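Dear colleague,

I am handing over the structure we spoke of, with a summary of what was found in it below. Please read the notes with the coordinates open beside you.

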Amino acid sequence: MPKTTGHKNTTLRFYTETIEVSRLSAHAFFEAGDEKYKGKRFFWENKEKTLTLVGLGHAHIISNNYKENRYSDIDTKWKELCQSSLKEVVDVSPILFGGFAFDPSNKISSEWDTFPSAFFTVATFQLVIRNEQAFVSIHYITEEQESAEAFEHLRIERDTLIHTAQVKELKVHEKPEIIEREDRLKEEYLNAVEDVTKRIKQDEVKKVVIGRSLKLTFNHAFSAATAIYNASNEQPESYLFGLEKEDKMFFGATPERLVKVEKGQVQSSGIAGSVKRGKNSIEDKQLGEGLLVDSKNLGEHKYVVDMIQQVFTKYCEDIKLPSRPKLMKIRDIQHLFTPIEGRLKQDSSLFELVEALHPTPALGGEPRMEAVKIIRESEHMNRGYYAAPIGWINSEGDGEFVVGIRSALLENQHAYLYAGGGIVAESSSIDEFEETRVKFRPMLRTFGGKMNE
Ligand SMILES: C=C(O[C@@H]1C=C(C(=O)O)C=C[C@H]1O)C(=O)O
Ligand SMILES: [Mg+2]
């Protein structure tokens with residue numbers, strides 16, 4: 001078991017070696033880790049498809065179960081590891097990949113019990129595909145002097161993994177069938193939406209996002225590699241993420257960037273307000289145009305943009321913010337979308353921004369603390385990592401986090417899907433239920449589910 005950092009007296013040494021490889025599929029590389037690294041992998045592909053990351057094995061884990069300071073703890077330990085342990089100048093930066101729980105104060109026992117409030121890893125074998133170039137790095141983190149023998153062993157293992165990935169196409173697994181489908185806590189969900197709508201009308205809060213979950217049971221275990229592969233085909237215009245922990249994998253295809261930092265430039269996005277896609281281009285256009293002027297959806301959206309703008313005002317300068325939202329059309333749904341950009345003021349880090357932004361009113365509500373408390377009390381479930389930040393950071397402090405929606409937790413023969421929506425004074429429980437049904441679609445298709453139910 002790799003040791004985690006944090007002990008002041010231990011000096012870790014971080015050894016790396018990178019090679020460039022030609023012709024390597026990220027999905028096949030992930031699958032090559034099936035035998036030895038299952039439960040210790042991650043997958044990432046950005047929306048623009050200019051960056052793909054795969055991690056196999058844990059060279060190092062940084063995690064905590066804190067309610068407070070969970071972001072700064074990860075931040076500090078990662079900086080420490082990079083600054084004091086990483087001895088060489090490296091051409092491909094090591095990546096720290098992981099995620100946070102939506103609400104570490106939620107104590108409901110659930111499928112998420114083994115996920116701490118923050119969980120990040122440095123992979124033993126890291127694949128980075130950038131601008132069509134693929135690099136595989138070995139990471140070896142130890143308290144001892146480098147052991148030539150151990151490193152040589154890792155090189156052999158790396159070559160085996162690359163070879164396996166190059167010669168094999170993605171296995172076509174026998175397709176598991178869904179044998180049971182359960183709308184979990186449906187009554188509780190509908191009651192929560194109605195109750196929250198009332199409380200909003202009484203001016204207790206302005207907006208609260210209420211979510212629900214679907215549980216699928218298959219006749220045999222669903223392969224993690226296949227699930228990620230299917231999700232990327234179902235929703236190619238989204239980010240793709242996967243994070244394994246022991247026998248589970250949290251994964252999804254989300255359209256929503258929380259925050260990206262690259263060379264001091266910061267980008268975030270306000271995405272809230274939704275309508276389905278039309279059956280034909282005329283209906284689709286009408287629905288989109290209707291969304292752009294719909295007061296209920298514009299209201300949902302504005303809380304998000306205002307809050308992100310406040311955070312940017314604190315952490316950034318040269319802020320660019322369009323005056324009105326545009327449409328983001330993805331396969332099953334269209335959203336109101338406002339991109340926000342700025343330049344990071346000095347001395348602020350990506351993790352500080354993640355902390356300041358999570359949860360935005362797109363996933364929590366307005367005001368934030370009150371909304372999170374209402375979610376904790378009225379959803380009757382534990383969101384785990386759903387609707388929470390998931391992403392990566394490199395040794396320079398650049399990186400990107402998305403909001404883990406349009407997502408599911410896969411556990412062998414079971415999958416738990418999650419979806420929610422922003423409740424405002426004008427919400428109706430029937431329409432909100434319908435909106436979550438549309439949001440479940442990409443993940444349902446990923447698992448071979450039927451859409452007409
Ligand atoms: C909460 C979800 O989505 C969020 C809620 C939206 C809405 O209510 O209109 C739209 C996009 C997301 O910010 C989800 O997909 O589960
Ligand atoms: Mg909505």
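Helices and strands here are DSSP runs, a helix having at least four residues and a strand at least two, numbered from the N terminus. By that assignment, residues 186-439 are 36% helix and 37% strand, and the C-alpha atoms at the two ends of this span lie 15 Å apart. The span is taken from UniProt, where an unreviewed entry lists residues 186-439 as "domain: Chorismate-utilising enzyme C-terminal". Please keep in mind throughout that this is a predicted model.

The chain as a whole

The protein chain has 11 helices and 20 strands. Its radius of gyration is 22 Å, close to the 22 Å that the globule rule gives for 453 residues, so the chain is as compact as a globular protein of that length. The C-alpha trace spans about 65 × 50 × 40 Å along its principal axes, and buried residues make up 49% of the 453 residues. Of the contacts between residues at least 6 apart in sequence, 78% join residues that are at least 24 apart.

The ligand

Ligand 1 is surrounded by 19 residues, of which the closest are Ser274, Ala362, Gly420, Gly421 and Gly422. Strand E8 (207-218), strand E12 (265-276) and strand E20 (414-423) are the elements that give two or more residues to this shell. Sorted by class, the shell holds eight nonpolar, seven polar and four charged residues.

Strands E2, E3 and E5

Strand E3 (residues 51-64) is mostly covered, with 11 of its 14 residues buried, and it has pairing partners in both E2 and E5. With strand E2 (residues 41-45), E3 pairs in the antiparallel sense over five bridges, and in that pairing tryptophan 44 stands opposite leucine 53. With strand E5 (residues 118-130), E3 again pairs in the antiparallel sense, here over 12 bridges, and leucine 53 stands opposite valine 128 of E5. Leucine 53 thus appears in both registers, opposite tryptophan 44 and opposite valine 128.

The hairpin of E2 and E3 has five residues between the strands. Lysine 49 is in this loop, and its phi is near 60 degrees, a positive value in a residue other than glycine. With 13 other C-beta atoms within 10 Å, where a residue needs 20 or more to be buried and 12 or fewer to be exposed, lysine 49 is partly exposed. A second residue to inspect in the same way is glutamate 132, in the loop between E5 and strand E6 (133-142), whose phi is near 70 degrees and which is likewise not a glycine. Glutamate 132 is exposed, because it has 7 other C-beta atoms within 10 Å. As background, most residues other than glycine have a negative phi, and most peptide bonds are trans.

Two cis peptide bonds

The peptide bond from histidine 358 to proline 359 is cis, with omega near -15 degrees, and proline 359 lies in the loop between helix H9 (350-357) and strand E16 (365-366). The bond from glutamate 366 to proline 367 is also cis, with omega near -10 degrees, and proline 367 is placed in the loop between E16 and helix H10 (368-378).

The hairpin of E14 and E15, and glycine 391

Strand E14 (residues 326-329) and strand E15 (residues 333-344) pair in the antiparallel sense over four bridges, with lysine 329 opposite glutamine 334 of E15, and a hairpin of three residues joins the two strands. Isoleucine 330 is found in that loop and counts as partly exposed, because it has 17 C-beta neighbours inside 10 Å. Beyond its neighbours within four places in sequence, isoleucine 330 is in contact with Gln235, Glu237, Ser238 and Pro255. The C-alpha atoms of isoleucine 330 and glutamine 235 are separated by 7.6 Å, although the two residues are 95 apart along the chain.

Glycine 391, in strand E17 (residues 389-394), counts as buried, because it has 29 C-beta neighbours inside 10 Å. Leaving aside neighbours within four places in sequence, glycine 391 is in contact with Gly399, Glu400, Phe401 and Val402. From glycine 391 to valine 402, which is 11 residues away in sequence, the C-alpha distance is 6.2 Å.

With best regards

Conventions:
Residues numbered from 1 in each chain as written. Chains lettered and ligands numbered in written order. Predicted model: local features only at pLDDT ≥ 70, side-chain atom pairs only at ≥ 80, totals over all residues. UniProt positions renumbered as here; feature names shortened; annotations may be inferred. Near = placed C-beta within 6 Å. Nonpolar A, V, L, I, M, F, W, Y, C, P; charged D, E, K, R; others polar. Rg over C-alpha atoms; globule rule 2.2 N^0.38 Å. Contact = placed C-beta atoms within 7 Å. Pairing = 2+ DSSP bridges.
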